[in-house]
Amino acid sequence: VAQYQLWIVDPSREQPVDGGVFDVRADGTVVIPVRAALKVADAKAFAVTREKPGGVVVSKGPMLLVLGKT
């Protein structure tokens, strides 16, 4: 079992910021509640990884989807 995790890329930070975890429903519907664990001053991109349930603090990747410039 796994969940997907949203990451927020802020160039002022060394690592992407955890934006929260989410599931893909059986019908393909996805609702992504964005809950940044840390303050993000300048979001340049968003990425999605597949992680263990509950998510992780730092992802080992790979990034399945990237929107914006990383």
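Gln-3 sits in strand β1, which covers residues 3–9, and this is a predicted model. Gln-3 is buried, because its relative accessible area of 17% is under the 20% cut-off. Its side chain gets to within reach of Gly-54, with 2.8 Å to the backbone nitrogen of that glycine. Around that strand, the picture is a four-stranded open sheet in the order β2-β1-β3-β4, paired antiparallel.

**Gln-3 and its surroundings**

- Not counting residues up to four places away in sequence, Gln-3 touches Val-21, Phe-22 and Asp-23.
- Under that same count, Gln-3 also touches a run of residues from further along: Thr-49, Arg-50, Glu-51, Lys-52, Pro-53, Gly-54 and Gly-55.
- Gly-54 therefore turns up twice for Gln-3, as a residue it touches and as the one whose backbone nitrogen its side chain reaches at 2.8 Å, with the burial of Gln-3 standing at 17% relative accessible area.

**The chain as a whole**

- The protein chain has 0 helices and 4 strands.
- Read from the N terminus, its elements go β-β-β-β.
- The radius of gyration is 12 Å, close to the 11 Å that the globule rule gives for 70 residues, so the chain is as compact as a globular protein of that length.
- Along the principal axes, the C-alpha trace spans about 35 × 20 × 20 Å.
- Of the 70 residues, 26% count as buried.
- Among contacts with a separation of 6 or more, 48% come from residues 24 or more positions apart.

**How the sheet is put together**

- The sheet is open and has 4 strands, ordered β2-β1-β3-β4, with antiparallel pairing.
- Its edge strands are β2 (17–22) and β4, each of which pairs on one side only.
- From one strand to the next, the twist averages 20°.
- β1 and β3 run antiparallel and are joined by 7 bridges; one example is Tyr-4, whose bridge partner in β3 is Arg-50.
- β1 and β2 also run antiparallel, with 5 bridges joining them; here Gln-5 has Val-21 as its bridge partner in β2.
- β3 (residues 45–51) and β4 are antiparallel too, joined by 4 bridges, and Ala-47 has Val-66 as its bridge partner in β4.
- β1 is mostly covered, with 6 of its 7 residues buried.

**The aromatic pair**

- The structure holds 1 aromatic pair.
- That pair is Tyr-4 with Phe-22, and it is stacked: the centres are 5.9 Å apart and the planes make 25°.
- The pair links distant parts of the chain, with Tyr-4 in β1 and Phe-22 in β2, 18 residues apart.
- Tyr-4 counts as partly exposed because its relative accessibility is 24%, which puts it between the 20% and 50% cut-offs.
- Phe-22 counts as buried, because its relative accessibility is 6%, under the 20% cut-off.
- Phe-22 is also one of the residues that Gln-3 touches.

**Val-17, on edge strand β2**

- Val-17 is found in strand β2, one of the two edge strands.
- Being on an edge strand doesn't leave Val-17 open: it is buried, with a relative accessible area of 3%.
- Leaving aside neighbours within four places in sequence, Val-17 is in contact with Leu-6, Trp-7 and Ile-8, and also with Ala-36, Ala-37, Leu-38 and Val-40.
- Val-17 and Val-40 are 23 residues apart in sequence, yet 7.6 Å apart in space, C-alpha to C-alpha.

**Leu-65, on edge strand β4**

- Leu-65 has its place in strand β4, residues 65–68, the other edge strand.
- Leu-65 counts as partly exposed because its relative accessibility is 44%.
- Outside its neighbours within four places in sequence, Leu-65 is in contact with Phe-46, Ala-47 and Val-48.
- Ala-47, one of those contacts, is bridged to Val-66 in β4.
- Leu-65 and Val-31 lie 34 residues apart in sequence and 15 Å apart in space, C-alpha to C-alpha.

Key
Residues are numbered from 1 along each chain as its sequence is written. This is a predicted model: local features need pLDDT of at least 70, side-chain atom pairs count only at pLDDT 80 or more; totals for chains, interfaces and linings use all residues. Side-chain values use heavy atoms; hydrogens and water are left out. Buried means under 20% relative accessible area, exposed over 50%, partly exposed in between (1.4 Å probe, protein chains only). Contact means heavy atoms within 4.5 Å. A polar contact is a pair of N or O atoms within 3.5 Å; within protein, one must be able to donate a hydrogen and the other to accept it, and residues adjacent in sequence count only if both atoms are side-chain atoms. Two strands pair if DSSP finds at least two bridges between them. Axes are lines fitted to C-alpha atoms, for helices over the stretch in contact, and angles run from 0 to 180 degrees between N-to-C directions. Rings of Phe, Tyr and Trp (its six-membered ring) pair if their centres lie within 6.5 Å; planes under 30 degrees apart count as stacked, over 60 as edge-to-face and the rest as tilted. The radius of gyration is taken over C-alpha atoms; the globule rule is 2.2 Å times the number of residues to the power 0.38.
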